[in-house]
Each structure stands twice: as structure tokens, then as C-alpha cells.
Amino acid sequence: MLKKLLVLSLLAIGAITLTACTPESGPTVEELLDQITEAMDELDLPETTTTDLTLPNSGLHEVDITWESSDTDFIADDGTVTIPTKTQGDQTVTMTATLELEGQTLTATFNVTVTAATEYTDAELLAQAVAALVLPVTG
């Protein structure tokens, strides 16, 4: 009888121990998306620029951030800015941030206008001169 009581006690203690050792489940998809949204809310890009952009690659809650430019001629994916010529004029580029945490992703877009140069380049001036050149026709 004492053996049965001891075995039952050990089984009860083992069950309690196993229950206590059950690992906690990770965050839910909703919680992950909330964390990504919080990180997204901290992102900010200027509306206009003439200098390179600082694009973070991580954010709040250790969210990974990757960037993609709609026009790498004027803003590269790494934020490097190339000033448009005066002839090209101001250029608006959409920068897309993809935020990822534990397999869940959200995207945010930012429109950034790269302000054009204020003076013509030598090549532009030459092209204007050639276009304005009128040669007399003799014949």
C-alpha cells in the first residue's frame, strides 16, 4: 500500500513538473503585426531632398527593414541621391520600406522629391546652343 501511495505521489509530482515546464507560446500574428506597426510609425523621410537619405535597416522590436526605390536614377535603394539636371527638373521617387518580424511583413511608402540643380550643366548649355544655331543656306 505504501508503494502505491509513493508511486502515485511521484506521478503527481512528475505531472506538475511537466506542466510547469511547458514552453510559453510566442507572440501571436496580431501581436507581431502590432510591433511592426509601431516600428513603422517611427519611420520618417523628408518630403524633399538634395542630400543622401539615411535609411534604417532595423527598427523598434528588432524589426528588419529593407528599402526599394521606384527610380534608382535619382535615389538608390541605399538612399544615395543623384541630383537631377535643371533640364530634368525635380523628380519624385517612391521609397518603399518592407518591415519584417518573425515571418510577418508590412510595407510603407514615402514620396520624396529630389530637387533639381539650379544651373544648367555644360552639356545642357551646349545642347541649347546647338538647338539655337541657325546656319545660313547658300546655294
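What follows is a chat about why things in this predicted model are called what they are.

Guide: Residues are numbered from 1 along each chain as its sequence is written, and side-chain values use heavy atoms, with hydrogens and water left out. The model is predicted, so to speak on paper: local features need pLDDT of at least 70, side-chain atom pairs count only at pLDDT 80 or more, and totals for chains, interfaces and linings use all residues.Visitor: How many helices and strands are there in the protein chain?

Guide: The protein chain has 3 helices and 5 strands. From the N terminus on, they run α-α-β-β-β-β-β-α.

Visitor: What makes a stretch a helix or a strand?

Guide: Both are DSSP runs, numbered from the N terminus: H or I over at least four residues for a helix, E over at least two for a strand. Helix α2, for instance, covers residues 29-41, and strand β2 covers residues 58-59.

Visitor: Why are β2 and β3 called paired?

Guide: Two strands pair if DSSP finds at least two bridges between them. There are 2 bridges between β2 and β3, which run antiparallel, so β2 and β3 count as paired. Gly59 has Val63 in β3 as its bridge partner.

Visitor: What joins β3 to β4?

Guide: 6 bridges do, and the two strands run antiparallel. Ile65 stands opposite Leu99 in β4, and Asp64 stands opposite Glu100.

Visitor: How many bridges join β4 to β5?

Guide: There are 11, again with the strands antiparallel. Thr92 stands opposite Thr113, and Met95 has Phe110 as its bridge partner. These two strands form a hairpin with 2 residues between them, where Glu102 takes a positive phi near 50°.

Visitor: Which way do β1 and β5 run, parallel or antiparallel?

Guide: They run parallel, joined by 2 bridges. Thr49 is matched with Val114 in β5.

Visitor: What is the order of the strands in the sheet?

Guide: The open sheet has 5 strands in the order β1-β5-β4-β3-β2, and its pairing is mixed. β1 and β2 each have a single partner strand, so they stand at the edges, and one side of each is left without a neighbour in the sheet.

Visitor: What makes a residue buried or exposed?

Guide: Buried means under 20% relative accessible area, exposed over 50%, and partly exposed in between (1.4 Å probe, protein chains only). Of the 139 residues of the protein chain, 23% count as buried.

Visitor: Why is Glu62 called exposed?

Guide: Its relative accessible area is 69%. The cut-off for exposed is over 50%, so Glu62 makes the grade. Glu62 lies in the loop between β2 and β3, and has a positive phi of about 60° although it is not a glycine.

Visitor: Why is His61 called partly exposed?

Guide: His61 comes out at 33% relative accessibility, between the two cut-offs, so it is partly exposed. His61 sits in the loop between β2 and β3. Those strands form a hairpin with 3 residues between them, and His61 in the turn has a positive phi of about 65°.

Visitor: What points where along β4?

Guide: The side chains alternate. Gln91, Val93, Met95, Ala97, Leu99 and Leu101 point to one face and are buried, while Thr92, Thr94, Thr96, Thr98 and Glu100 point to the other and are not. In β3 (residues 63-69), the covered face has Val63, Ile65, Trp67 and Ser69, and the uncovered one has Asp64, Thr66 and Glu68.

Visitor: What makes a group of residues a negative surface patch?

Guide: Patch residues have over 30% relative accessible area and no salt bridge (a side-chain nitrogen of Lys or Arg within 4 Å of a carboxyl oxygen of Asp or Glu). Like charges are joined within 9 Å, and nonpolar side chains (Val, Leu, Ile, Met, Phe, Trp, Tyr) within 5 Å. Asp and Glu count as negative, Lys and Arg as positive; His and the chain ends are not counted. Here, Glu30, Glu31, Asp34, Glu38, Asp41 and Glu42 form such a negative patch.

Visitor: How do you know that Glu31 clears the area cut-off?

Guide: Glu31, in helix α2, has a relative accessible area of 41%. A patch residue needs over 30%, so Glu31 passes on that count.

Key. Accessible areas come from the Shrake-Rupley method with a 1.4 Å probe; for residues, only the protein chains shown count as cover. The place of a charge is taken as NZ of Lys, CZ of Arg, CG of Asp or CD of Glu.
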